[in-house]
Structures are given as C-alpha cells and as structure tokens.
Amino acid sequence: MALLALQAHLRNRGQSATHYWLIESDVGLHLDAEAFFDACRVRPEDLLAKHIRPASAHWRWHETVAPFCATPWRCDFPLLRISDRALDACRTLRMTIHEQLQSLDRLAPNDESLVASCVIAQGYSFESLEHLFPEVFHYYSTVRAFPDTPHCRQQTDGSIVHSLLPMNDFIRKNFVAKLKHVQPPDHAAFLRHRIEALGPLLNPEETEHIVSALILGGHL
C-alpha cells in the first residue's frame with residue numbers, strides 16, 4: 001500500500017502527519033477542493049472513505065481477510081483518508097499476514113479489505129464520505145467510467161468523479177471491454193443503452209467519436 005511507503009518516508013526524515021490522503025489518478029475533484037479538504041480536516045474519524053460496509057461472504061476478498069479479522073469489512077479505495085495510528089495498525093496486520101502466508105499458496109487480502117477490516121477490528125472510528133457529503137458523489141462508481149472532457153467536467157461541476165479517464169481509455173473500459181461479452185446481434189442495442197446511460201455527460205460530437213472509434217477498431 002502506497003501510504004505505508006509515504007509514512008515510512010516521512011518518519012525517516014523525522015517528519016510525521018496526523019492523517020494521510022489517498023487519491024487515485026482517475027479521481028476528478030470537480031468541486032472546491034480546498035473547501036472539501038477543510039471540511040474533512042475537522043473530522044475526528046480515523047478512516048474516511050466511500051461506502052464503508054461489512055463485506056459479503058460472496059465477495060472474493062472475504063475469505064482472504066477472514067482468518068485475520070473476525071468480521072471482514074470493505075470500502076471503496078480510490079479516495080480515502082486514514083489516521084497515522086490506523087495506518088500503523090494496518091502496517092502491523094500486513095506484516096503479520098505476510099509472515100503467515102509467505103510459506104502458503106494463499107492470496108493475501110487486498111487493500112480495500114485489509115484497511116477497512118483492520119480499522120473496525122481495532123475499534124478505530126470511521127465514517128463513509130457519502131454520509132458527510134451526499135451531494136458530491138452522484139458520478140462516483142467503481143464499475144463505471146466517465147470521460148475526462150471539458151463537456152463532462154462542466155456537467156459534473158460540484159462533484160467528485162470516478163473513474164475519470166481520457167477519452168481513448170474511457171472507450172476501452174466502458175465499451176470495448178464490455179462488448180467482448182455481448183453477442184454481435186446485440187451490439188447496437190448495447191451501444192445505445194451505454195450511451196443513453198451517460199445522458200448529458202456526452203455531447204453529440206463525443207458520441208459520434210465513440211461510435212467511429214468502435215467501428216474503426218473493428219468492435220462493431
């Protein structure tokens with residue numbers, strides 16, 4: 001986890017922080033970022049993240065963290081804030097897991113499961129960001145992508161957007177990757193549904209560009 005490296009780097013320089021933010025590169029802060037972080041700065045919780053919840057037993061990472069935390073939890077990872085003490089606890093748990101699994105052919109927990117489960121297991125405080133800022137996450141998803149275009153930025157003003165991708169990457173994730181699982185006779189209906197779902201986030205020129213790119217790429 002990148003935050004562990006940052007924490008260690010600061011400590012090696014004799015520095016420290018009370019909290020650390022993780023913001024992945026495909027998160028778009030289409031709002032007053034200074035006001036958002038100021039509002040978070042006064043929050044006392046050890047973990048602020050999107051959609052913190054108990055992990056379903058059917059989630060693929062549930063069984064990886066269950067041996068180490070009695071009740072597995074999960075959270076969305078693209079945007080979160082964690083306290084220094086909670087990050088220490090995650091480091092300790094990560095080292096314990098590494099020591100126990102290094103001789104076993106087993107999958108280690110991913111960051112989303114380890115962080116949320118560790119924070120809750122240690123009794124640290126937490127709050128889901130969408131409860132604090134319900135109005136800013138309308139365009140935040142872990143399964144959908146949005147185009148990083150001037151038009152989309154204008155349409156999503158006041159929001160935190162995820163996953164925000166350059167147009168070519170957006171086409172690959174939102175259309176090309178999905179078309180592989182659609183039978184050719186259904187391609188037109190699928191394409192129409194995907195474009196309609198984006199609504200005003202695409203202008204006519206961008207819609208035409210998407211269709212042309214899919215045709216030229218041999219995907220339609």
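Which residues touch the most other members of the largest nonpolar core? In this predicted model, the answer is L3, L47, L80, I82, L93 and V115, out of 29 residues in that core. Several elements give two or more residues to this core: the helices α1 (2-12), α4 (84-101) and α5 (111-121), along with the strands β1 (19-23), β3 (47-54) and β4 (73-83). Of these, α4 gives the most, with seven residues.

L47 is a good place to look around. Leaving out residues up to four places away in sequence, L47 touches I52, L80, R81, I82, V115, A116, V119, S125, F126 and E127. Among these partners, L80, I82 and V115 are also on the list of residues that touch the most other core members. If you move on along the model, you come to a second, separate core of 21 residues, which includes F175, F190, I195 and L201.

Another residue to visit is L114, in helix α5. With a relative accessibility of 1%, L114 counts as buried. Beyond its neighbours within four places in sequence, L114 is in contact with V65, C90, L93, R94, I97 and P109. One of these, L93, is again among the residues with the most partners in the largest core. The C-alpha atoms of L114 and C69 are separated by 8.7 Å, although the two residues are 45 places apart along the chain.

Now for the aromatic rings. A pair of aromatic rings is described by the distance of the centres and the angle of the planes. Searching the whole structure gives eight aromatic pairs. In one of them, the ring centres of F36 and F37 lie 5.2 Å apart and the planes meet at 70 degrees, so this pair is edge-to-face. F36 is buried at 4% relative accessible area, and F37 also counts as buried, at 19%. Both belong to one aromatic cluster together with W21 and F133.

A further pair is formed by W73 and F126, with centres 5.5 Å apart and planes at 65 degrees, so it too is edge-to-face. What does this pair tie together? W73 lies in strand β4 and F126 in strand β5 (residues 126-128), so the pair links parts that are 53 residues apart in sequence. The two partners fall into separate accessibility classes: W73 counts as buried at 16%, while F126 counts as partly exposed at 33%.

Strand β4 comes up again at the largest pocket, which has a volume of about 170 Å³. Its lining consists of E24, R53, W59, R74, C75, D76, F77, P78, N110, E112, T142 and H162, and β4 supplies the largest share, five residues. Two of the lining residues, W59 and R74, also meet in another way: the charged end of R74 sits over the ring of W59, 4.0 Å from the ring centre.

H162, another lining residue, leads to a point of backbone geometry. A cis peptide bond joins H162 to S163, with omega at about 0 degrees. S163 is found in the loop between β7 (159-161) and β8 (164-165). Elsewhere, H51 in strand β3 has a positive phi, near 55 degrees, in a residue other than glycine. H51 is partly exposed, with a relative accessible area of 36%. Both spots are worth a look, because most residues other than glycine have a negative phi, and most peptide bonds are trans.

Terms used:
Residues are numbered from 1 along each chain as its sequence is written. This is a predicted model: local features need pLDDT of at least 70, side-chain atom pairs count only at pLDDT 80 or more; totals for chains, interfaces and linings use all residues. Side-chain values use heavy atoms; hydrogens and water are left out. A nonpolar core is a set of buried Ala, Val, Leu, Ile, Met, Phe, Trp, Tyr and Cys residues joined through side-chain atoms within 4.5 Å. Buried means under 20% relative accessible area, exposed over 50%, partly exposed in between (1.4 Å probe, protein chains only). Helices (H or I, at least four residues) and strands (E, at least two) are DSSP runs, numbered from the N terminus. Contact means heavy atoms within 4.5 Å. Rings of Phe, Tyr and Trp (its six-membered ring) pair if their centres lie within 6.5 Å; planes under 30 degrees apart count as stacked, over 60 as edge-to-face and the rest as tilted. A charge sits over a ring if NZ of Lys or CZ of Arg is within 6 Å of the ring centre and within 35 degrees of the ring normal. On a 1 Å grid over the protein atoms alone, a cavity is a set of points where a 1.4 Å probe fits but cannot get out, and a pocket is an open set with protein on both sides within 12 Å along at least five of seven lines; lining residues have an atom within 4 Å of a point. Grid points are joined across faces, edges and corners, and a volume is the space filled by probe spheres set on the points.
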